[in-house]
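Thanks for asking me to look this one over. My notes are below as numbered points, so you can follow along with the coordinates open.

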Amino acid sequence: MAFDGIWTSEILGLFGWETTGILVLDEGRAIDGGNHHFSTGRYEATDNDIRISLAVEYHGTPRTMFGSADKTLSVIIQGKLEGDAIVGEAHRQDKPDQKITVRLTRRSDIPPRG
């Protein structure tokens, strides 16, 4: 699949792009992690468009995202493949009007199994 790989994830903040962690996309599965969180979920892609659904859980102090600092949340990322990057927006599943600009940058293919 064109989207399968290891990606760095970033959000656009007040001072520019801020790295939030690593996202692995593999045959419809999405696994993400960073200093204070991990998440699992699924993704669906058509042509250059992708929709990633993640269940996020903080294992440290929750970061204020989408207006609150919840220990768990469901996030949807919708984006478009542009070269080696996916650019789009993220929102909480329960707050679709609160959006954050995101960028995922491909860093590597998935190593072969076995």
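1. How many bridges join strand β1 to strand β2? There are 9, with β1 covering residues 5–13 and β2 covering residues 16–26, and the two strands run antiparallel. One of the facing pairs is isoleucine 11 in β1 with glutamate 18 in β2. The link from β1 to β2 is a hairpin of 2 residues. For reference, two strands count as paired if DSSP finds at least two bridges between them.

2. A word on provenance before going further: this is a predicted model, in which local features need pLDDT of at least 70 and side-chain atom pairs count only at pLDDT 80 or more, while totals for chains, interfaces and linings use all residues. Residues are numbered from 1 along each chain as its sequence is written, and side-chain values use heavy atoms, with hydrogens and water left out.

3. Now the overall fold. The protein chain has 0 helices and 8 strands, so reading from the N terminus gives β-β-β-β-β-β-β-β, where helices (H or I, at least four residues) and strands (E, at least two) are DSSP runs numbered from the N terminus. The C-alpha trace spans about 40 × 30 × 25 Å along its principal axes. For 114 residues, a compact globule would have a radius of gyration near 13 Å, and the chain agrees, because its own value is 13 Å. That radius is taken over C-alpha atoms, and the globule rule is 2.2 Å times the number of residues to the power 0.38.

4. On surface and packing, 39% of the 114 residues count as buried. Here buried means under 20% relative accessible area, exposed means over 50%, and partly exposed lies in between (1.4 Å probe, protein chains only). The chain exposes about 6,800 Å², and carbon and sulfur atoms supply 51% of that area; accessible areas come from the Shrake-Rupley method with a 1.4 Å probe, and for residues only the protein chains shown count as cover. Among contacts (heavy atoms within 4.5 Å) between residues at least 6 apart in sequence, 38% join residues at least 24 apart.

5. You may want the charge count too. There are 13 positive and 17 negative side chains, and the centres of the two sets lie 3 Å apart. Lys and Arg count as positive and Asp and Glu as negative, with His and the chain ends not counted; each charge is placed at NZ of Lys, CZ of Arg, CG of Asp or CD of Glu.

6. Back to β1, which has a second partner. It pairs with strand β8 (residues 95–108) in the antiparallel sense over 6 bridges. Within that pairing, glutamate 10 has arginine 103 of β8 as its bridge partner.

7. Strand β3 (residues 29–33) deserves a look from both sides. Its covered face holds Ala30 and Asp32, while Arg29, Ile31 and Gly33 sit on the uncovered one. In a regular strand the side chains alternate between the two faces of the sheet. β3 is joined to β2 by 5 bridges in an antiparallel arrangement, with alanine 30 as the bridge partner of leucine 25. β3 also pairs with strand β4 (residues 37–46), again antiparallel and over 5 bridges; there glycine 33 stands opposite phenylalanine 38, and a hairpin of 3 residues makes the connection.

8. Two backbone angles are worth checking. Glutamate 27 lies in the loop between β2 and β3 and has a positive phi near 50°, in a residue other than glycine. Glutamate 27 is exposed, because its relative accessible area is 53%. Aspartate 47, in the loop between β4 and β5 (49–58), likewise has a positive phi near 50°. At 74% relative accessibility, aspartate 47 counts as exposed.

9. Finally, two more loop residues. Glycine 83 lies between β6 (72–82) and β7 (85–92) and is exposed at 62% relative accessibility. The C-alpha atoms of glycine 83 and asparagine 48 are 9.8 Å apart, although 35 residues separate them along the chain. Proline 62, in the loop between β5 and β6, is partly exposed at 24%. Leaving aside neighbours within four places in sequence, proline 62 is in contact with Ala69, Asp70 and Lys71. Its C-alpha lies 24 Å from that of arginine 29, 33 residues away along the chain.
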